[in-house]
Amino acid sequence: MVEVILSINAGSSSVKISVYKSPETPKGNPIPLAECSIDGLTAPPAKLKYERGDEKIKGKEIEGIGSQDDAFQFILDHLTKDEGLPELARKEDIHFTCHRVVHGGDYPRSQVIDEETYHHIQELSDLAPLHNAPALSIVSTSSRILPHAINIAYFDSSFHSTIPPYISTYPIDPTVAKRNKLRKYGFHGISYAFIARSVAEHLSKPLDSLNIIALHLGSGASACCIKNGKSWDTSMGLTPLAGLPGATRSGSIDPSLMFHFTHSAGKPSHSSGTNMHITEAEEILNKKSGWKALTGTTDFGAISSSDKEQDRLAFDIFVDRILNYVGPYFTKLDGEVDALVFAGGIGEKGAKLRKAVVNGVKCLGFKGDDGKNEAPGDKIVVDITGEGARFKTLVCKTDEQCEMAREWLRISTGW
Ligand SMILES: Nc1ncnc2c1ncn2[C@@H]1O[C@H](COP(=O)(O)OP(=O)(O)O)[C@@H](O)[C@H]1O
Ligand SMILES: CC(=O)OP(=O)(O)O
Ligand SMILES: [Mg+2]
């Protein structure tokens with residue numbers, strides 16, 4: 001029987017949904033049927049993209065989409081109304097829904113969502129204020145309008161459960177840290193799992209001997225040191241706020257800064273409600289900082305191509321903060337690096353940013369090819385290494401939806 005899988009990736013600025021059918025052969029990959037996304041949730045108007053075979057919609061502006069859940073319902077309607085997608089003519093045709101959930105606490109792997117997992121994810125909402133609550137609202141809608149489908153949660157944090165304790169431990173009172181589960185968790189892990197597997201395949205290397213420095217640069221941005229195919233270190237921490245700046249996030253700053261920024265730092269923010277309790281400080285650093293605060297836009301494409309002083313400053317800040325991770329991760333890998341890998345919306349489309357970052361680490365032996373960097377093409381992994389480089393530079397078209405669907409097939413069919 002053909003089984004339809006809906007793979008849902010709720011990011012901070014977008015919702016990307018891919019539709020797959022199960023393969024005919026055992027151990028086959030999920031067969032993609034269609035891909036639909038709505039992005040620009042933090043820079044309205046929201047834009048719809050759709051691809052099914054030759055049928056394409058590219059960036060159609062749509063009104064009335066204010067949240068990830070609105071985007072989910074719009075996409076679901078769009079998919080069921082598409083006559084060219086007979087496998088999903090009715091909502092009942094969906095057998096499995098895979099949900100990207102950013103903070104999974106101590107969950108080392110995906111979970112079928114029941115009441116207990118739902119509440120546990122809800123309890124973690126304060127630790128991923130831009131992500132867990134929107135993902136859960138999609139899970140609720142999905143359980144309501146697709147009651148026959150099985151919901152599975154995939155956690156961004158699971159991939160990082162291999163980070164050694166001396167890297168994930170914060171130097172604070174251990175009793176409090178243990179009681180409140182305060183440690184580095186790390187995120188974008190579904191993407192890093194996809195990147196590691198795809199790069200290993202591209203290099204024809206066994207995954208368990210792959211050493212890469214991977215950069216997932218999207219609305220949220222992070223770096224990951226992948227040693228022997230596993231996460232060894234990453235730039236995000238207890239929450240997705242730590243590390244690199246993002247569309248509306250400050251990234252790492254002096255922890256004391258907030259006490260000098262506003263006197264009401266510790267007061268509950270207006271986003272606090274029954275499902276989430278965040279302070280004004282968290283609200284400012286997560287939602288009112290980053291590119292939005294510096295330049296007025298969250299569109300890093302526009303920032304990169306602008307000559308305005310504030311845009312150039314934002315661009316230079318991003319390059320500088322990325323370099324803060326590439327050098328240290330290079331040493332953590334003892335200089336035995338298979339590749340520096342760019343991924344995520346900015347990593348995949350931002351040629352100027354890639355060029356600046358690669359140039360910043362040329363002393364380590366990285367060098368890009370200008371022509372390949374400008375037009376890396378459409379393959380999943382593209383080599384943009386320049387002549388004479390000691391180490392490879394790659395661009396990976398990451399696909400969290402594919403990673404989740406593949407993982408579901410692997411678990412459900414036992415391969
Ligand atoms: N040509 C481009 N150059 C640089 N950045 C781009 C370009 N096109 C899109 N982007 C940026 O990619 C980011 C979105 O990345 P993506 O990974 O899709 O987001 P999300 O974090 O929501 O999953 C946005 O900041 C957007 O401005
Ligand atoms: C973890 C995170 O920041 O995700 P995104 O980039 O999708 O917002
Ligand atoms: Mg994303």
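**Exercise 1. Determine how strand 3 and strand 4 are joined, and describe the turn between them.**

Solution. Strand 3 (residues 31-39) is the partner strand to begin with. Strand 4 covers residues 46-52, runs antiparallel to strand 3 and is joined to it by 5 bridges. Strands here are DSSP runs of E with at least two residues, helices are runs of H or I with at least four residues, and both are numbered from the N terminus. Two strands count as paired if DSSP finds at least two bridges between them. One facing pair is Glu35 with Glu51 in strand 4. The two strands make a hairpin with 6 residues between them, and in the turn Gly40 has a positive phi of about 80°.

The model is predicted: local features need pLDDT of at least 70 and side-chain atom pairs count only at pLDDT 80 or more, while totals for chains, interfaces and linings use all residues. Residues are numbered from 1 along each chain as its sequence is written, and chains are lettered from A and ligands numbered from 1 in the order in which they are written.

**Exercise 2. Place this hairpin in its sheet and find which strands stand at the edges.**

Solution. Step one is the strand order: the sheet is open, has 8 strands in the order 5-4-3-2-1-6-8-7, and its pairing is mixed. Step two is the edges: strand 5 (55-62) and strand 7 (111-112) each have a single partner strand, so one side of each has no neighbour in the sheet. Step three is the pairing. Strand 2 and strand 3 run antiparallel with 7 bridges, and Tyr20 is opposite Pro32 in strand 3. Strand 7 and strand 8 (residues 150-155) are also antiparallel, with 2 bridges; Val112 has Ile152 in strand 8 as its bridge partner. In general, strands of a sheet pair through backbone hydrogen bonds, either parallel or antiparallel.

**Exercise 3. State how the domains of the protein chain are bounded and how they meet.**

Solution. The assignment gives domain 1 (4-155) and domain 2 (204-396); such bounds come from an automatic or database domain assignment. Their C-alpha centres are 25 Å apart. In the interface, 15 residues of domain 1 are in contact with 18 residues of domain 2, where contact means C-beta atoms, placed from the backbone, within 7 Å. The side of domain 1 that touches domain 2 has 7 nonpolar, 7 polar and 1 charged residues. For these classes, Ala, Val, Leu, Ile, Met, Phe, Trp, Tyr, Cys and Pro are nonpolar, Asp, Glu, Lys and Arg are charged, and the others, Gly among them, are polar.

**Exercise 4. Describe the shells around ligand 1 and ligand 2, and explain why each ligand lies between the domains.**

Solution. Start with ligand 1, which is surrounded by 18 residues, the closest being Gly11, Gly218, Ser219, Gly301 and Gly345. A residue is near a molecule if its C-beta atom, placed from the backbone, lies within 6 Å of it. Helix 10 (300-304) and helix 12 (344-349) each supply at least two shell residues, and helix 12 gives the largest share, 4 residues. By class the shell around ligand 1 holds 3 nonpolar, 13 polar and 2 charged residues. Domain 1 and domain 2 both contribute to this shell, so ligand 1 lies between them.

Next, ligand 2. Its surrounding residues include Gly11, Ser12, Asp156, His188 and Ser219. They divide into 3 nonpolar, 6 polar and 1 charged. Both domains give residues to this shell too, so ligand 2 lies between them.

**Exercise 5. Compare the surroundings of Lys16 and Ser219: are they buried or exposed?**

Solution. Both residues are among the positions of the UniProt feature "binding site", taken from an unreviewed entry; such annotations may be inferred rather than shown by experiment. Lys16 lies in strand 2 (residues 15-21). With 21 other C-beta atoms within 10 Å, Lys16 is buried. The cut-offs are 20 or more for buried, 12 or fewer for exposed, and partly exposed in between. Beyond neighbours within four places in sequence, Lys16 is in contact with Asn9, Ser37 and Gln401.

Ser219 sits in the loop between strand 9 (212-217) and strand 10 (221-227). Ser219 has 24 C-beta neighbours inside 10 Å and is buried. Its contacts, leaving out residues up to four places away in sequence, include Gly11, Thr42, Gly246 and Thr298.

Notes. Contact = placed C-beta atoms within 7 Å.
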